[in-house]
Amino acid sequence: MSVLVVGISHNSAPVSLLERVALDADGVSKLIHDASASEHVTEATVISTCNRVEIYTEVDRFHGSVEELSRLLVEHAGESTESMLPHLYVHYDDGAVSHLFQVAAGLDSMAVGEAQILGQTREALRLGQEMGTVGSALNLLFQQALRVGKRSRAETDIDRVAPSLVSAALERSEAAIGPVAGKRVLVVGAGAMAGLATATVSRLEPAEVTVVNRTVGRVERLVTEYGVRAGAMGDLAVEIARADILISCTGATGVLVTRDMLLTTRPDARPLSVIDLALPHDVEPAVGDLPGVTLIGLADLAEVLQDSDAGREVSDVRSIVTQEVTAFLAARRQAQVTPTVVALRSMATSVVDAEMSRLVGRLPDLDESARLEILHTVRRVADKLLHEPTVRVKELSNEQGAVSYAAALAELFALDPEAVVAVTRPEGLT
C-alpha cells in the first residue's frame, strides 16, 4: 500500500481557475466520499483551501488510482477535462510524504510560512476521521505532518518570511520614489500575499489603498478589515493612472499590466513603483524600461532574501522537513519489515516446540531439569541463527531501492503469507 496525492494549487494553476474549482464544505465531504469509494483506494481525505484542492489517499495500485482520482477532481470542479488536466499534479509514496510535510510547514503556501495551512491540514484529518475514510496509514502521516508544521514554527521564524518579502519590496520602492506615507497604493489580487501586502501598506499611512480583484467577496473582506477602497478589475487601467505604488500578486495566466497600458494611462511619466510579487509574473518586464517607472520583481528580491534572516528561515525549515521525511520513511520501511520478522520468529518457535515434543516422546524418562536445559539450548541456537538475518533486514530496509528485503526473507524461509498478514491484523478480525 502506498500514499497517492492528486491535486491542483496556485503552483500549478492560475487563480482564475482555482476560484472556479474551490469547494464548499459539502463539496469537500462528497469528494472524500467518492475518492474513498474508488476501487483501489483504502483511505482518503482532502485538503481544501482557496489556493489548493488535494486528494490524499492510501492505494494498492498507482495507475488506475491516478486516473480515477483525476477524473473525480475534474468532475467535482465542474470543469472540462481539457482545462483541468494540464494543471493537476501527482505525488506518490515517498514524494507524497515529502509534499504533505512541506505543505504543513508552510513552504508550499502562496504566502510562505503562513500558519493557516496548519489548521486546514488538521481539519482534513478531522473530517476524514469523522467520515471513517482515514485509517492507520493516513492518520499516522497527517499526525506526523502536523508535528512537522508545529516544529517548523517553534524552531524558526518561518511565519515572518512572507512579511519580509513585502517589506523588502517596499524598501526598494522607498529608495526609488520615497515612503508609502501620503501616496496612493493599488493592490491587484486578494489572495494571501495580496492580503499581506494590503495589511502592510495600510499601517504606513498611505493617502489611499485600493484593492482590485476578479472576485468581489475577497475584496470585501479586506475592505472590512483594513478600510481600503474596492476597485473593479475592468477599471484596472484607470486605477493604475491614479496610483503611485502598484503591488500585483494574482497568479494570473498571462500578464495583467503591460507597457502599452502604462504608456496610455500615464503619458506624463509621473513616478510609479511597480512591485510584482506574482509567479508567474503579472507585469510585463518591459514596463521597467519606461521613464519614471521602477519595476521590482521576485527575481530582484531573491538575492536580498537569500542573505537575510527570512532566507535563512526558509533554509532552516527545508532542513527540518528533510530530516523529518527521512526519519518517517525509515520508520515506515522498518514497520513494513516487522511483520515478516515476527512471523519468522514465530515459525522458529513452532519448529523448536515441535522438535521438543518429538524428543520428549522418544525419551519418556527424560527428567524435567534436563528437558528445560535442552529447550533453553535449542531456543538459544534458533535465536542466534535468526539474529543476524533479522538485524540485517531491518538495516537494509532503510536503503533506497526496488528490492523488498522483507519479501526476500519471506521467500527464503518459505513463510506463509497469511502468517505475515496476521501480525498486522487488528485483534478480533479474521
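**First stop: strand β2**

Select residues 41-49, which make up strand β2: seven of its nine residues are buried, so the rest of the structure largely encloses this strand. Before you go further, keep in mind that the model on your screen is predicted.

Now add residues 52-59, strand β3, to the selection. β2 and β3 pair in the antiparallel sense, with eight bridges between them. To see one of these pairings, pick Val41 and look across to β3, where its bridge partner is Val59. How many residues does the hairpin use to join β2 to β3? Follow the chain from one strand to the other and you will pass through two residues.

**Second stop: the whole sheet**

Next, bring in the other strands. The open sheet has four strands in the order β2-β3-β1-β4, and their pairing is antiparallel. Which strands stand at the edges? They are β2 and β4 (89-92); each has a single partner strand, so one side of each is left without a neighbour in the sheet. Turn the view to look along the sheet: from one strand to the next, the twist averages 15°.

Select residues 2-9 for strand β1. β1 and β4 run antiparallel and are joined by four bridges. Val6 is a handy marker here, since its bridge partner in β4 is Val90.

Some background helps with what you see. Strands of a sheet pair through backbone hydrogen bonds, in either a parallel or an antiparallel way. In a regular strand, side chains alternate between the two faces of the sheet.

To finish this stop, show residues 116-131. This is helix α6, which lies across β2 and β3 and runs at about 145° to β2.

**Third stop: Glu43**

Return to strand β2 and select Glu43, which is found there. Is Glu43 buried or exposed? Its relative accessible area is 8%, so Glu43 counts as buried. Show its side chain and look for the backbone nitrogen of Ala137, which the side chain of Glu43 reaches at 3.2 Å. Leaving aside neighbours within four places in sequence, Glu43 is in contact with several residues, including Tyr56, Thr57 and Glu58, and also Thr133, Val134 and Gly135.

**Fourth stop: aromatic pairs**

Now colour the aromatic rings. The count comes to three aromatic pairs. One of them is Tyr56 with Phe142, an edge-to-face pair with 5.3 Å from centre to centre and 80° between the planes. Tyr56 sits in strand β3 and Phe142 in helix α7 (residues 136-155), so this pair ties together parts 86 residues apart in sequence. Both Tyr56 and Phe142 are buried.

For another pair, select Phe101 and Phe328. Their ring centres are 5.7 Å apart and their planes stand at 75°, so this pair is edge-to-face. Phe101 belongs to helix α5 (residues 94-105) and Phe328 to helix α14 (residues 309-362); the pair links distant parts of the chain, 227 residues apart. Phe101 is buried, with a relative accessible area of 0%, and Phe328 is buried too, at 10%.

**Fifth stop: salt bridges**

The whole structure holds 20 salt bridges, and a few make good places to zoom in.

Begin with Glu75 and Arg71, whose closest N and O atoms are 2.5 Å apart in a salt bridge. Both lie in helix α3 (residues 63-77), four residues apart, or about one turn of the helix. Glu75 is partly exposed, with a relative accessible area of 48%, and Arg71 counts as partly exposed at 35%.

Move on to residues 216-226, helix α10, where Arg221 and Glu225 lie four residues apart, about one turn of the helix. They form a salt bridge, with their closest N and O atoms 3.8 Å apart. Arg221 is partly exposed at 43% relative accessible area, and Glu225 is partly exposed at 48%.

Then select Glu324 and Arg147, whose side chains meet in a salt bridge of 2.8 Å, N to O. Glu324 lies in helix α14 and Arg147 in helix α7, so the pair ties together parts that are 177 residues apart in sequence. Glu324 is buried, with a relative accessible area of 5%, whereas Arg147 counts as partly exposed at 41%.

Definitions and conventions. Residues numbered from 1 in each chain as written. Predicted model: local features only at pLDDT ≥ 70, side-chain atom pairs only at ≥ 80, totals over all residues. Heavy atoms only, no water. Buried < 20%, exposed > 50% of the residue type's maximum accessible area, 1.4 Å probe, protein only. Pairing = 2+ DSSP bridges. Axes fitted to C-alpha atoms, helices over the stretch in contact; angles between N-to-C directions. Contact = heavy atoms within 4.5 Å. Polar contact = N/O pair within 3.5 Å; in protein donor to acceptor, adjacent residues only side chain to side chain. Phe/Tyr/Trp six-rings, centres within 6.5 Å; stacked < 30°, edge-to-face > 60°. Salt bridge = Lys/Arg side-chain N within 4 Å of Asp/Glu carboxyl O.
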